[in-house]
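Reader: Hi! I'm new to reading protein structures and would love some help with this one. Could we go through it together?
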Amino acid sequence: MPSILLDHQVDAFIAAGLPGLAGIDEAAFRQLFEPVRASASALSQETDARGGRLPYIAVVTDALVDPAPRVPGMRLTDSEREGILDRNHGDEGLAPYRARPELTVPEAPVYLLVDVERGDEYRDVAPREALPRIGARERTPLTIAEGLSIMAAHPGFLHKNHCFMLGGSTRGDKRVPAIWISERAPKLGWCFQGVPHSWLGVASAASRTAV
């Protein structure tokens, strides 16, 4: 089965300017995805972005592109307004965030995040309560890089009352990063781990693979 979805995602990343942010040309950028092509080809190519499900997303990692410059490239499907980085992250911005130590995140510039769910069932559930439930299902919460990659390739994943937290990233305190809508633009902000929101789920996936 051809990896049609992977090609779509790579094209979207290029349109979003990620090769320039990575400091490499388009050909070199495309080549980075070849190690995951066989794995991508073995998976479904059918998406339901609006319904909050993707068979996989090719993740462009922080090792390749710093996350903060990626935020303005986020868009909604019905708006051309640039994505917003919440000023409440503080002067250091996204720099303090790291993947939770218990997660197995490949050390590669690109990897596949498999069987992605927006986590609508965790709306009105505090992240502190949702994360153990996700772990009990043998699933993993998403990182900031994973959320940004979804938004670059599948902007319809985010829409009114269907936004999502990225509980796989932490700065070692009570903050949980999240992507929601503010002034008709996607916004990367954060919420407290003990506070539920009716419009914020907790996104998760089944696995990560680099090869």
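Reader: Let's begin with charges and rings. Which ring does the charged end of R171 sit over?
Author: Happy to help! The charged end of R171 sits over the ring of Y97, at 5.9 Å from the ring's centre. Keep in mind that this is a predicted model.
Reader: And R175, where does its charged end sit?
Author: R175 has its charged end over the ring of W190, 4.5 Å from the centre.
Reader: Cool. What other ring does W190 pair with, and how are the two arranged?
Author: W190 forms an aromatic pair with F192. The pair is edge-to-face, with 4.9 Å from centre to centre and 80° between the planes.
Reader: Are those two buried or exposed?
Author: W190 counts as buried, because its relative accessibility of 17% falls under the 20% cut-off. F192, at 45%, counts as partly exposed.
Reader: How many aromatic pairs are there in the structure?
Author: Five. One of them is F157 with F164: the ring centres are 5.2 Å apart and the planes meet at 85°, so this pair is edge-to-face.
Reader: Why does 85° make it edge-to-face?
Author: Because planes over 60 degrees apart count as edge-to-face, and the planes of F157 and F164 are at 85°.
Reader: Got it. Are F157 and F164 buried or exposed?
Author: F157 is buried, with a relative accessible area of 0%, and F164 is buried with a value of 0% too.
Reader: Which residues form an aromatic cluster?
Author: F13, F29 and F33 form one aromatic cluster. These three turn up again in the largest nonpolar core, which has 61 residues: F13, F29, F33, V116 and L188 touch the most other members.
Reader: What does F33 touch?
Author: Leaving out residues up to four places away in sequence, F33 touches L6, V10, F13, A58, V60 and V110.
Reader: Why would nonpolar side chains gather like that?
Author: In soluble globular proteins, nonpolar side chains tend to be buried together.
Reader: New topic: how many helices and strands are there?
Author: The protein chain has six helices and twelve strands.
Reader: Why is helix α6 described as largely enclosed?
Author: Helix α6 covers residues 144-153, and nine of its ten residues are buried, so the rest of the structure largely encloses this helix. Among the buried ones are I144, L148, I150 and M151, but also E146 and S149.
Reader: Can we zoom out? What is the radius of gyration of the protein chain, and what would a compact globule have?
Author: The protein chain has 16 Å, and a compact globule with 211 residues would have a value near 17 Å, which agrees. Along the principal axes, the C-alpha atoms fill a box of roughly 45 × 35 × 35 Å.
Reader: How much of the chain counts as buried?
Author: 53% of the 211 residues. The accessible surface comes to about 9600 Å², and carbon and sulfur atoms account for 50% of that.
Reader: One last spot: where is A108?
Author: A108 lies in the loop between β3 (98-99) and β4 (110-117). A108 is buried, with a relative accessible area of 17%.
Reader: What does A108 touch?
Author: Not counting residues up to four places away in sequence, A108 touches T61 and A210. On the other hand, A108 and I179 are 71 residues apart in sequence and 24 Å apart in space, C-alpha to C-alpha.
Reader: Thanks, that was really helpful!

Technical notes
Residues numbered from 1 in each chain as written. Predicted model: local features only at pLDDT ≥ 70, side-chain atom pairs only at ≥ 80, totals over all residues. Heavy atoms only, no water. Phe/Tyr/Trp six-rings, centres within 6.5 Å; stacked < 30°, edge-to-face > 60°. Buried < 20%, exposed > 50% of the residue type's maximum accessible area, 1.4 Å probe, protein only. Lys NZ or Arg CZ within 6 Å of the ring centre and 35° of its normal. Helix = DSSP H or I, 4+ residues; strand = E, 2+ residues; numbered from the N terminus. Core = buried A, V, L, I, M, F, W, Y, C linked by side-chain atoms within 4.5 Å. Contact = heavy atoms within 4.5 Å. Rg over C-alpha atoms; globule rule 2.2 N^0.38 Å. Areas by Shrake-Rupley, 256 points an atom, 1.4 Å probe, with all protein chains shown as cover.
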